[in-house]
Every structure is written in C-alpha cells, then in structure tokens.
Amino acid sequence: MAKTLRFRFSRGEGLKYIAHLDMLRLFERAIKRAQLPVAYTQGFNPRQKIVFGLPMSIGLTSDSEYADIELAEDMDPDAFVETMNKYLPDGIRVDKAVEHTAKDNIMNQITAARYEIIFETNRPMSHFEIDSHVHDFLGKEEIVVSKKTKKGMRPVNIRPLIYSLSAYKKDISVFVLEAFLSAGKENNLRADLLLEAFCHEFGIEARVISIHRKALYASTYNEWKNPFEVSHD
Amino acid sequence: MIAMRLKIDESILLNVEKPAKYTGNEWNMVKKDPDDVKVRFAFCFPDDYEIGMSHLGMKILYHIMNKREDTYCERAFAPWTDMEEKLRERNIPLYTLETYTPLSEFDFVGFTLQYEMSYTNILNMLDLGGIPIFANDRKKGMPFVIAGGPCAVNPEPLADFIDLFVIGEGEEVINEIIDEYIAWKDAGEERDGFLKRASRIEGVYVPSLYNVYYYEDGTIMDILPVSPDVPDTVRRRIVKNLDSVDFPDDIIVPYIGTVHDRIMLEVFRGCIRGCRFCQAGFIYRPVRERSHEKLSELAKSSVEKTGYEEISLVSLSTSDYSALPELCDNLIEFTEAEKVSLSLPSLRVDNFSLGLMEKVSKVRKSGLTFAPEAGTQRLRDVINKGITTEDLIASVKLAVAGGWTQVKLYFMIGLPTETIEDVEGIANLGITLIESCRELPGEYNKSLNITLSTSCFVPKPFTPFQWEPMDDIESLMNKQYHLKDRIKKRTRKIKYNYHDARLSFLEAVLARGDRKIGKVIYTAWQKGCKFDGWDEFFSFEKWMEAFSECGLDPKFYANRRRDYTEVLPWDHIDMGISKEFLKKESEKAYEGDLTKNCAVGCSLCGAQGYKTGICIKSKRG
C-alpha cells in the first residue's frame with residue numbers, strides 16, 4: 001500500500017498523434033473516470049497531483065514513460081495498474097507501479113532517453129555510407145543547431161547531449177538510428193532535432209517514419225538507472 | 001460488401017496541424033462492425049473538428065442512432081486546408097473517424113446546418129467524399145444526403161445539393177427515417193421511391209418534390225408539390241417531452257482541446273422572451289424544460305462516463321429555468337465534492353445569479369456579459385428586448401460591487417427603425433454605466449472596464465423582421481466608424497469591437513435566399529470559397545464574382561423590403577409559428593409596442609398548437 005506511486009506506461013501507434021498537454025488531460029480524465037483517490041492541489045483551481053517524466057511530442061511512441069501520482073489515501077500499486085487500464089483508451093497501457101518515497105519527483109530525476117528513429121531518405125545509401133556519416137557526426141567537437149529554449153530560439157551545441165549513436169539499414173533507403181540522448185529538465189535533446197541535425201550535416205533529405213522512445217533513465221553516482229530504482233532515496 | 005478501411009499514414013499525419021483531429025479513437029467513440037448493421041450514417045459537421053466536436057446536437061443524434069443495433073452513426077468533419085491538400089494530392093476520399101470509410105460508402109451522409117457561412121464547406125466535403133454535389137446527379141447505390149439544424153428552416157439555398165431535409169428536432173424523426181429506409185431497401189425500390197416515402201414523414205422536406213415558380217421580377221409566385229401525394233407544407237417536428245428522449249451522458253471525449261470541451265447539459269429548449277430579431281426565440285418554441293432531477297442524474301453519470309472536469313448548463317436564457325435554485329443546489333454540492341467546475345452562461349445578472357456565481361466561481365472573476373442589443377430605450381422596445389437602462393445600471397453596479405470589473409455589452413447595428421441617435425446611444429450607454437459606477441464606494445468606483453461589441457443585424461426567416469431590408473454595407477460601416485470615433489473621443493475605459501459588415505451581408509443573402517442561390521454557392525465554391533466564417537479564408541470578392549456570373553443581385557435578397565403579401569422562399573415550411581402573429585409583431589415593432597413573454601401570458605404565436613411545454617402552463621390572454 002502506498003500514497004505516492006510511480007508508474008510506467010506505453011503509448012502505441014493509435015495514440016501517437018496527441019501533443020503533450022493533451023496527454024496530461026487524457027490522464028486526468030482517465031483518473032477521474034476511474035474514481036481513483038487522487039490528491040488535488042489547494043486553491044481556486046484544484047489540479048490532480050500528477051507529474052510526468054518527460055513530455056511526449058506528436059508522433060512519438062514509447063515503451064516506457066513514467067509518472068508520479070499522489071493519492072489522498074493508500075492504494076495497492078497493482079490495484080492501481082489494473083484500475084487505470086480499465087479507464088485508459090486503447091493505445092496507452094500502464095504496466096507497472098511502485099511506491100514512490102524519494103524526495104525528487106520523476107521530472108527532476110530523468111536525465112537520459114534511448115530512441116529508435118526510423119526514416120526514409122530521398123536517395124538510397126549503402127550501410128557503409130550511413131555508418132561513416134554516424135562516425136563523422138560523432139567525431140565532431142561541435143554540432144550547433146538552433147534550439148527552442150526558454151529565451152526563444154538559441155544556437156546550442158548538441159554534441160555533448162549525444163551519448164551514443166548508431167545506425168543500421170532497414171531497406172534500400174530506410175534507415176534506423178539508435179540514439180542515447182541527454183534528456184530531462186536540463187539539456188533535453190529531442191530525437192527529431194537530432195535527426196534534423198544529422199541529415200542537415202550530410203545533406204540528406206529525410207522523412208520520419210517513426211520515432212520510438214525505448215527507455216528513460218535517471219542517473220545517480222555516474223550510473224544510469226531505471227526510474228523505478230530511484231523511487232526511494 | 002466488405003468494408004474497406006482507408007490507411008492514413010504518418011507521412012500525412014506528421015505533416016498536418018493537430019493530426020489528432022483526423023484519427024478518431026477517442027474515449028466513448030462507438031465501435032461497431034459495419035457488416036453487422038443495416039444502415040450506415042455519416043454525420044458530417046461542415047467545419048473544423050474543434051468546432052464540430054463542441055456541438056451538442058451532433059452528440060445527441062450520434063447517441064440516439066447508435067442505440068439502434070441496426071444502425072452505425074459515424075462522424076466526419078471538414079478537414080483543415082493542410083489536410084485537404086494531402087487528401088487531394090493522394091486521392092484519398094474524406095472518411096469517417098470511426099472506421100476510416102469514405103463518405104460515398106454510406107447509406108446516409110448527414111449535415112448539420114448551424115450557420116449559413118458553412119454552406120461551401122458542405123459542397124467541399126461532398127466533393128472530397130466522392131459524392132456528386134448535385135442531388136440529381138446521385139444514382140442508385142449512392143448515399144442520400146440529409147441535412148437539418150437551425151438553417152434548415154429556409155432550406156431553399158441548399159435545395160440543389162440535399163436530398164432531404166429534417167425540419168425541427170431530430171431525436172424522434174431520425175428513427176422514423178431510418179425505419180422507412182430499411183423498409184424501402186427491403187422492398188428493392190428505385191432511389192426516388194425512398195424520397196417519396198420520406199416526404200410523407202412529418203418534418204421531412206424533399207426539395208426535388210416541389211417546384212418553385214417565379215414572377216419576372218424574381219419574386220416567387222408559388223411553391224407547389226410535384227404530385228398530390230406530397231404534402232403542401234412541411235411541419236416542424238418537436239419533441240414533446242424532453243425527459244422522454246435520450247440525452248447522452250457517454251459523450252465522446254476528444255484528445256485535443258475543442259471550443260466547448262466540457263459536459264453540456266441542455267436545461268430547456270426554446271425561449272420565452274420573443275426578442276423580435278432573434279430567430280432562435282421563434283424557431284424552438286414552445287419552451288420545454290428538462291426536470292431538475294433528470295438533469296442532476298445526467299450530470300453525475302456524465303462525469304462518471306467521461307471524466308470531464310467541467311459542466312456547463314446550456315439553454316437560450318438559463319435564468320428563465322423554473323427550477324434553477326433546486327438544480328443549482330444539487331449541482332453545486334455534487335461538483336464541489338467531485339472537483340468539477342460548473343459554468344452558468346446566459347444568466348441574467350441579479351442578486352440571485354451573482355450569489356450563484358460567487359458560489360461556483362472557483363477561478364478568478366473575469367468578465368460578465370450583457371446583451372442590451374440596442375443603445376436606446378426606444379429601439380429596445382422596437383425589438384421587444386424588455387430591459388431598461390435602469391435595469392442595466394443596477395445589474396452592472398451589482399456586478400462591479402461583487403468584484404466583476406470586466407463587462408462586455410453586445411449590441412446590433414442596422415436594426416429596423418434605427419437612427420443615428422440609436423447608434424450614439426450605444427456609446428452613451430457605455431459612458432452612463434461607467435459614470436454610475438463612480439458612485440460606488442471605495443475600491444470599485446473606478447475599476448470598471450467595458451467592451452462594447454456590435455454585430456450587424458441580419459433579418460432571418462420566421463422572425464417578425466423577415467420582411468425587413470438589411471442595412472447596406474456602406475451604411476453599417478459608417479455607423480461602425482462613427483461609433484468608434486465617438487467612443488474614442490469620450491473615454492479610454494471602453495473598448496469597441498465590431499463585425500465585418502460584408503460577411504453579415506452574405507449571411508443575409510444566404511439566410512433568406514431562394515433556390516437560385518444554390519448556383520451562387522456552387523460557383524463560389526468552385527472559385528475556392530470554403531471556411532467562409534473564418535476571417536483568414538473569407539473572400540468577399542470571390543462571392544461577388546459568383547453572383548455576377550450567375551446573373552443574380554445579392555442586394556435583391558439582402559437589402560430589399562418584402563411585402564407582407566409576397567410569397568417567401570420558406571413559405572411551404574410550417575414552423576408552427578403563424579405568419580399572422582409574425583406580421584402583428586412586425587407592426588407592433590414599428591409602434592414600439594412590447595409583447596409579454598410566454599411566462600407572463602400567451603400571445604397565441606401558433607406554438608400552442610404543439611400542446612406542450614409552457615403553452616399548457618401559461619394563461620391565455
């Protein structure tokens with residue numbers, strides 16, 4: 001039994017066209033339908049106390065999104081999972097929940113994300129060619145892109161935000177980038193921005209087929225951890 | 001027939017704004033196997049998803065049709081221009097959100113006519129859906145195009161495009177139409193056979209079964225049915241007892257924000273007031289209420305089934321609901337416990353309503369809205385708007401003393417008998433309100449900010465002003481500038497907004513148009529007109545070209561005074577309101593004579609013939 005829970009959910013193809021704020025509302029309404037004993041903020045405009053790990057942009061599918069929810073009374077994590085799934089639309093599934101006692105919430109803990117980006121290029125390339133592009137890309141000291149920040153569009157060096165990158169060929173002009181990127185409140189690098197920078201660098205014209213988030217991580221003592229592992233201090 | 005599901009992939013959806021408008025699968029979307037039903041109905045809203053999904057009528061009919069096991073009602077909306085471009089580029093027909101089925105594969109394709117400026121979108125949606133635009137080009141096996149809603153009271157401008165119209169409320173008649181369709185299909189008759197059968201259902205108008213004859217001057221001589229078994233007039237359908245028809249509590253919850261993204265509880269239909277300019281005040285008579293017990297139940301079950309965080313009470317004038325205190329007590333208790341917010345639009349401002357708003361207003365006190373509609377008492381009497389300047393001053397003072405410091409006032413310019421004094425009266429009224437709030441004590445006396453908004457009066461069918469000429473565009477614009485100037489010179493505490501007079505002019509043509517206007521709509525659409533209600537798309541020039549190419553003068557429809565004896569294009573539609581009554585109201589308007597509201601006494605408008613609602617409650621005389 002627990003009062004604050006951390007849960008993990010996935011988002012499939014059917015619901016990938018929903019923007020982040022719409023996702024929040026989707027959860028709030030599902031929680032209301034489920035009549036879960038969620039805690040509300042005080043004040044004129046009470047909001048459910050729920051925090052999401054990392055925003056999901058339009059088009060993104062994911063196997064592992066995380067959120068923390070505060071309840072007004074104790075609840076069994078497994079019962080939470082079962083109830084939520086009854087009231088969430090097809091395409092979003094909660095697969096696990098644990099008690100959360102750590103001081104930091106999920107939004108403050110997320111530091112990295114693993115992506116699989118599938119894209120089609122305007123011209124076929126051999127797997128050597130794409131490999132050497134990845135090699136050259138990672139060999140650069142600086143990769144400056146224009147990134148939307150709190151202060152508007154700014155040039156940002158994204159090279160330090162790329163922890164690893166590899167590519168393989170799927171079809172004559174369809175490629176997959178496996179990317180491990182800095183994520184979270186500070187220094188978030190979106191997968192679509194990475195792809196854009198990559199293609200720009202090598203004069204490739206690409207069309208996104210899918211962007212899939214495979215995992216989110218928290219870091220403690222220079223170690224990548226599953227967010228469930230850091231739900232207790 | 002095996003149902004085909006279109007595939008709309010990411011190469012389209014990742015390249016349009018708000019792709020979730022085109023993917024469906026929302027919570028409470030009805031899922032059925034199309035092969036299991038006899039009738040497939042595509043309910044089309046001729047505007048953007050965000051507008052259409054806010055429309056209560058669609059939710060009601062979606063729910064009612066889908067309760068039938070033999071019918072599957074699905075939804076389609078006008079795709080935004082970015083999506084339309086993609087669909088046309090790849091030859092993908094417009095499809096329904098439930099099963100991604102092209103519109104052309106349905107038994108019925110239904111449009112709701114909420115405003116005249118959506119007519120070109122109907123043509124565009126038919127075209128995108130692979131359906132011939134003209135009704136007489138539709139062949140065996142093609143859908144029947146059906147339309148209803150407030151603009152169907154004058155169906156003539158759309159007569160060329162629509163196979164059948166529903167006049168009045170759809171909850172009951174839609175079931176009769178579907179039953180008749182199944183019987184027709186089972187009988188294996190020709191396409192015409194169904195239209196003939198449908199024309200005998202009360203409230204159904206089949207335009208192809210009527211001929212219109214004109215005089216040389218363009219006015220109508222007669223509108224006659226093509227054969228004796230077709231009724232001469234089509235009488236509006238109403239639901240006698242609102243508690244007896246289903247009202248949806250399992251409404252679809254969109255993923256993206258819509259204009260009215262909340263539970264809407266329809267408290268009653270109709271309006272007792274009878275303001276002479278207001279079409280809604282006549283075409284929904286008589287007032288029929290839902291019981292407050294039923295409404296409270298609906299509120300609870302709706303929140304349970306949708307998870308919505310807001311409920312709004314919907315009607316033309318919520319303050320006139322006879323059980324408002326009981327309903328509000330119940331709802332306030334429930335919504336507070338459930339952390340649901342309650343909004344109460346269209347309330348008259350008085351002590352009761354302010355107290356109520358104080359109780360329900362969880363958010364900061366923002367604005368209050370008043371609709372005096374005209375700037376002087378004389379003109380307010382002409383339009384039968386029974387409020388006085390004193391009432392308004394009292395209400396605004398109450399509001400300001402209660403902490404509402406933003407006040408919006410709605411007016412119309414171009415009303416019948418209007419003079420320049422009436423126009424200036426709008427500015428004067430604003431100034432009077434600001435000055436009278438100076439008498440209030442302390443912190444509130446200087447805090448009032450006013451927004452004055454003027455729309456252009458558009459004469460509508462089935463109102464006492466249906467014979468009136470609309471004011472010219474130039475005159476309306478001069479009045480707008482004059483008013484703007486006047487306000488600017490007097491005070492900075494008043495903001496002034498006004499509508500595009502050219503858009504209202506066109507609305508006036510379409511509202512009172514005859515069958516000949518169909519050609520103009522078609523021509524305008526061919527020139528690229530669509531989303532005409534949206535400033536960024538409206539092209540007055542293209543519409544004017546369309547009129548001139550069709551050899552029609554829009555002023556004939558908008559700016560001409562009709563004789564009481566002229567046959568009006570909608571004369572074969574019987575709204576249950578007598579022409580004699582409308583004529584009498586029009587004469588009283590010129591005298592500045594007020595007509596009492598239905599709660600005070602009956603004026604024998606004709607709606608008493610429906611023998612229900614307020615008509616069987618109120619006294620005659």
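Domain bounds here come from an automatic or database domain assignment. The structure is a predicted model, and the exercises below work through its domains, helices, strands, cores and chain contact.

**Exercise 1. State how chain B is divided into domains, and give the separation of their centres.**

Solution.
1. The assignment splits chain B into domain 1, residues 10–235, and domain 2, residues 364–499.
2. Taken over C-alpha atoms, the centres of domain 1 and domain 2 of chain B are separated by 39 Å.

**Exercise 2. Describe the largest nonpolar core and name the domains of chain B it draws on.**

Solution.
1. The largest nonpolar core has 164 residues.
2. Among those with the most contacts inside this core are Ala42(B), Ala76(B), Ile162(B) and Val204(B).
3. Domain 1 (10–235) and domain 2 (364–499) of chain B each give at least three residues to this core.
4. Another core, of 57 residues, lies apart from it; Ile69(A), Ala167(A), Leu216(A) and Tyr217(A) are among its residues.
5. For one residue of the largest core, take Ala76(B): leaving out residues up to four places away in sequence, Ala76(B) touches Ala42(B), Cys44(B), Leu94(B), Tyr95(B), Thr96(B), Leu97(B), Leu103(B) and Met125(B).
6. As a general background, nonpolar side chains tend to be buried together in soluble globular proteins.

**Exercise 3. Work out the strand order of the six-stranded sheet of chain B and find its edges.**

Solution.
1. The sheet is open, with mixed pairing, and its six strands follow the order β2-β1-β3-β4-β5-β6 in chain B.
2. The edge strands are β2 (71–77) and β6 (204–205) of chain B, each of which pairs on one side only.
3. Within the sheet, β4 (144–148) and β5 (164–166) of chain B run parallel and are joined by two bridges.
4. In this pair, Ile146(B) is opposite Leu164(B) of β5(B).

**Exercise 4. Is helix α5 of chain B mostly covered or hardly covered, and which residue with a positive phi follows it?**

Solution.
1. Helix α5(B) spans residues 119–128, and nine of its 10 residues are buried, so the cut-off matters: a residue counts as buried if 20 or more other C-beta atoms lie within 10 Å of its own.
2. By that count α5(B) is mostly covered.
3. The buried residues of α5(B) include Tyr119(B), Ile122(B), Leu123(B), Met125(B) and Leu128(B).
4. After α5(B) comes Gly130(B), with a positive phi near 75°.

**Exercise 5. Describe the contact between chain A and chain B, and the part that α1(A) plays in it.**

Solution.
1. The contact involves 21 residues of chain A and 21 residues of chain B.
2. On chain A, α1 (20–34) and β10 (206–220) each supply at least two residues of the side that touches chain B.
3. The largest share of that side, seven residues, is from α1(A).
4. By type, the residues of this side of chain A comprise 11 nonpolar, four polar and six charged.
5. Helix α1(A) has 15 residues and reaches 21 Å from first to last C-alpha, close to the 21 Å expected at 1.5 Å a residue.
6. Among the buried residues of α1(A) are Met23(A), Leu26(A), Phe27(A), Ile31(A) and Arg33(A).
7. The buried residues of α1(A) pack against β2 (50–52) and α2 (77–87) of chain A, and also against α9 (292–306) of chain B.
8. Just after α1(A), Gln35(A) has a positive phi of about 50°.

**Exercise 6. Describe how the two domains of chain A meet.**

Solution.
1. Chain A is divided into domain 1 (2–101) and domain 2 (110–227).
2. Their C-alpha centres lie 27 Å apart.
3. Domain 1 of chain A gives 11 residues to the contact and domain 2 of chain A gives 14 residues.
4. On the domain 1 side, strand β3 (60–75) of chain A gives the most, with six residues.
5. That side of domain 1 of chain A has three nonpolar, six polar and two charged residues.

**Exercise 7. Explain why β7(A) lies largely in the open, and describe its pairing with β6(A).**

Solution.
1. Strand β7(A), residues 152–157, lies largely in the open because zero of its six residues are buried.
2. Strand β6(A) is hardly covered, with a count of zero buried among its six residues.
3. β6(A), residues 144–149, and β7(A) pair in the antiparallel sense over six bridges.
4. A hairpin of two residues joins β6(A) to β7(A).
5. Thr149(A) is opposite Gly152(A) of β7(A).

Key. Residues numbered from 1 in each chain as written. Chains lettered and ligands numbered in written order. Predicted model: local features only at pLDDT ≥ 70, side-chain atom pairs only at ≥ 80, totals over all residues. Core = buried A, V, L, I, M, F, W, Y, C linked by C-beta atoms within 7 Å. Buried ≥ 20, exposed ≤ 12 C-beta atoms within 10 Å, placed from the backbone. Contact = placed C-beta atoms within 7 Å. Helix = DSSP H or I, 4+ residues; strand = E, 2+ residues; numbered from the N terminus. Nonpolar A, V, L, I, M, F, W, Y, C, P; charged D, E, K, R; others polar. Expected span 1.5 Å × (residues − 1). Pairing = 2+ DSSP bridges.
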